[in-house]
Amino acid sequence: MEKKKDEVEQNEEYKEKKKQKGKQKEKRILNEKDKGKKDKGKKIEKVTDEVEMPLIECEPSEFSKATEVESKVASWIFSFEGDKSDVVFETKDGFQSMRFMMESLIPECETFYNVIDTWAMLLNFEERMKSEDCPRRFFAQQKSLHGQIQDLEKFELVFFPVVSVVHYLLICFNLKEGRIQIFDNSDVDVPLSAKYGSIPIVVQKVFVTVLKQLNDGRFKKLNKAKPKREKMSWRTLGNHVDCAVFMMRHMETYMGQSMKDWDCGLADEGKTQKSQLVNLRHKYVGKMLLSDLNVKKNLVLEGMHKFAEYPEQKQKEILDYAKTMVHNRFNEFAN
């Protein structure tokens, strides 16, 4: 009953916020073309659906397992059934992820960068549905930063997912406090220059240049800041394949808090953590492919239902065989 009461109160609070800040909310959702237009009883395509969606919590309250439907989608993807070049994720503006890219989230496999771009798009989409009390965050993609960010002044945290050789790390610019943070699951203690080369400095210079061009005075603090590699209790010494999954979790859960106050939900390195990472691989592939951003969502559901109709033993045999074919499946695309 308490939970139901909280949900009702949250809904009432949301309605009041929407009533008082309607114009501000609309500006966050409409694209630049629609900004400034007055609504005269005319329906604006898609906006109503997005505005009516309930507010999302600032951060996941605890580690949650993949839902049943997310797990079923993951099983279909990890079965390797279907053409590996099939498009399983696509946005209205033409961004695509092919099946083999999403398949790279299969446990014990290194992940393609396209998956990270897809994850960044989904997180940016969800940011628009968070309450006004949440820190405003933006997640960059591989393409040029110009054109990705609109109204940069409203963001407090900007994240750059980066690949260093075959290792993923996350660089966070805290615009409010003028800090540059590096989140990396590797616990190997070596100097920044030895571990990442010039990557953090290059990313810093690029972002500072963008801020200067936008006449954003916050570039001054960031220009003087020194990137700091943060220490987290869940960092690892023996895990060399899950760096992308760690990074996706860091992107999802970090809200600018101090390190002592941040808990991403992962256990320390060990069996529990390994199980959590396998679960996140299933959860994330399901979450991305079932997102309302994905115009191929119906195709995904169709494939999921078809695979789920197989007897359990046949599903297990297919999935077990797929695990043995991981490297053959990706070799031609990885080169």
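Modeller: A term to begin with: a residue counts as buried when its relative accessible area is under 20%, as exposed when it is over 50%, and as partly exposed in between. The model we are looking at is predicted.

Biologist: Thanks! Then is E127, in its salt bridge with R137, buried or exposed?
Modeller: The closest N and O atoms of R137 and E127 are 3.0 Å apart. The pair links distant parts of the chain, with R137 in strand 3 and E127 in helix 6. R137 has a relative accessibility of 1%, so R137 is buried. E127 has 5% relative accessibility, which is under the 20% limit, so E127 is also buried.

Biologist: And how does the K316 to D320 salt bridge compare: which exposure class does D320 belong to?
Modeller: K316 and D320 sit 4 residues apart in helix 13, about one turn of the helix, and their closest N and O atoms are 2.8 Å apart. K316 has 47% relative accessibility, so K316 is partly exposed. D320 has a relative accessible area of 33%, which lies between 20% and 50%, so D320 is partly exposed.

Biologist: Which residue is the salt-bridge partner of R99?
Modeller: The partner lies in helix 5 along with R99, 4 residues apart, about one turn of the helix. Both residues are buried. With the closest N and O atoms 2.8 Å apart, the partner of R99 is E103.

Biologist: Now the nonpolar interior, please. Which residues touch the most other members of the largest core?
Modeller: That core holds 61 residues, and its largest share, 9 residues, comes from helix 6. One of the two residues you want has contacts beyond its sequence neighbours that include F89, W119, L122 and M248. The two are M288 and L289.

Biologist: Let's move to the sheet. Which strands are at its edges?
Modeller: The sheet is open, with 5 strands in the order 3-4-5-6-7 and mixed pairing. Inside this order, strands 4 and 5 run antiparallel and are joined by 8 bridges. An edge strand pairs on one side only, and here those are strand 3 and strand 7.

Biologist: Just past strand 7 there is a loop. Is D242 buried or exposed there?
Modeller: The loop runs between strand 7 and helix 10, and also holds L237. L237 has 55% relative accessibility, so L237 is exposed, and it joins V188 and V190 in a nonpolar surface patch of about 230 Å². D242 contacts L277 and R281, leaving aside neighbours within four places in sequence. With a relative accessible area of 7%, D242 falls under the 20% limit, so D242 is buried.

Biologist: One on the backbone: what is the phi of F80?
Modeller: Most residues other than glycine have a negative phi. F80 lies in the loop between helix 4 and strand 1, and its 10% relative accessibility means that F80 counts as buried. F80 is not a glycine, yet its phi is positive, at about 65 degrees.

Biologist: Last one: what share of the protein's residues is buried?
Modeller: The protein comes to 14 helices and 7 strands. About 18,500 Å² is exposed, with carbon and sulfur atoms supplying 51% of that area. Of the 335 residues, the buried share is 47%.

Conventions. Residues are numbered from 1 along each chain as its sequence is written. This is a predicted model: local features need pLDDT of at least 70, side-chain atom pairs count only at pLDDT 80 or more; totals for chains, interfaces and linings use all residues. Side-chain values use heavy atoms; hydrogens and water are left out. Patches are made of residues with over 30% relative accessible area and no salt bridge: like charges are joined within 9 Å, nonpolar side chains (Val, Leu, Ile, Met, Phe, Trp, Tyr) within 5 Å. Accessible areas come from the Shrake-Rupley method with a 1.4 Å probe; for residues, only the protein chains shown count as cover. A salt bridge is a side-chain nitrogen of Lys or Arg within 4 Å of a carboxyl oxygen of Asp or Glu. Helices (H or I, at least four residues) and strands (E, at least two) are DSSP runs, numbered from the N terminus. Buried means under 20% relative accessible area, exposed over 50%, partly exposed in between (1.4 Å probe, protein chains only). Contact means heavy atoms within 4.5 Å. A nonpolar core is a set of buried Ala, Val, Leu, Ile, Met, Phe, Trp, Tyr and Cys residues joined through side-chain atoms within 4.5 Å. Two strands pair if DSSP finds at least two bridges between them.
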